[in-house]
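Work through the exercises below with the coordinates open. Try each task before reading its solution.

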Amino acid sequence: MPLAFFDIVGTCFGYDALEDAVDTRLGAKLVKYGVSSKLFAQFWLVTLERDASFMQLTQRPKMPYEERWAEVLPRCLYQAGVTPEDIDTLWSPDDVQYIVHEYLWKLRPRPGFAEMLEILEKGGIQFWCCSSASVDRVKAYFKLAGIDFPVERIWDATPVGASKPQPAVYERVMKDFGEEGRPLIFGASHAWDCAGAKNAGFRTAYTTVYEKYECVTMWGQHDIVEPDLISLGKSIVEKYGTK
């Protein structure tokens, strides 16, 4: 049976809860500067991810996750146009705690996610989770969505000692699950994630639901490209499922 490993955070579960939390705690203050809560939430998130990646590359000591969010927030506010004298009064540690909790535990499924799971199952494709998020986080997302999902199919990258898109993650999945004649498919809404998986030998299924643009020159061509999860599931079944 073909296996489809899917990114979870951002792909199957969107960032609406994060954006809503930023709007709830900071939105009224950001509007003074003409800054969109949605745009700021994404800017804050990608800044955090960039700095976390660079900390790994420079071999800096690990920092607790919530502390990282608080550490980069003042800089993000400054770069978004908030005047330096206003930065410290615009947020509190309670704001960060609330926003990070909503992001870590309250993400909601993207439209069509449950339907995609059903399409894949009926088409002979077994869905697996492949995320840098913890097993507990992924379980919480499924529970909140009311989806009963087998925990044994939540693949945990912790023993690898790496996180996506480091090659060791994808290579470990290929080593553990790759069999001659059985395709392993990797699905994501992040082009960089699909590119990392493709380098390791996966067939890649990319949805533009999050990034909208493939940026093919940067990340290469994916085997399947669709605008939403339902279309992605149908194309995976058509190409790799049981006939």
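Three exercises follow, each with a worked solution.

This is a predicted model: local features need pLDDT of at least 70, side-chain atom pairs count only at pLDDT 80 or more, and totals for chains, interfaces and linings use all residues. Residues are numbered from 1 along each chain as its sequence is written, and side-chain values use heavy atoms, without hydrogens and water.

**Exercise 1.** Find how helix α6 and helix α11 pack.

Step 1. Take α6 as residues 113-122 and α11 as residues 229-240. Their axes (lines fitted to C-alpha atoms over the stretch in contact) are 8 Å apart, at an angle of about 10 degrees.
Step 2. That makes α6 roughly parallel to α11 (angles under 35 degrees).
Step 3. List the contact residues (heavy atoms within 4.5 Å). They include Phe 113, Met 116 and Ile 119 of α6, and Leu 229, Gly 233 and Lys 234 of α11.
Step 4. Sort the contact residues: eight are nonpolar, one polar and two charged.

**Exercise 2.** Place strand β1 and its partners.

Step 1. In β1 (residues 3-6), Leu 3 and Phe 5 point one way, Ala 4 and Phe 6 the other way. All are buried (under 20% relative accessible area, 1.4 Å probe, protein chains only).
Step 2. β1 runs parallel to β2 (residues 126-131), joined by four bridges. Phe 5 has Trp 128 as its bridge partner there.
Step 3. β1 also pairs with β4 (residues 184-188), again parallel, over four bridges. Phe 5 stands opposite Phe 186.

**Exercise 3.** Check the span of helix α2.

Step 1. α2 has 21 residues (37-57), so at 1.5 Å a residue it should span 30 Å.
Step 2. Its end C-alpha atoms are 30 Å apart, which agrees.
Step 3. Among the buried residues of α2 are Phe 40, Trp 44 and Leu 48. Their cover includes α1, α3 and α5.

Conventions. Axes fitted to C-alpha atoms, helices over the stretch in contact; angles between N-to-C directions. Helix = DSSP H or I, 4+ residues; strand = E, 2+ residues; numbered from the N terminus. Parallel < 35°, antiparallel > 145°, perpendicular 65-115°, else oblique. Nonpolar A, V, L, I, M, F, W, Y, C, P; charged D, E, K, R; others polar. Buried < 20%, exposed > 50% of the residue type's maximum accessible area, 1.4 Å probe, protein only. Pairing = 2+ DSSP bridges. Expected span 1.5 Å × (residues − 1).
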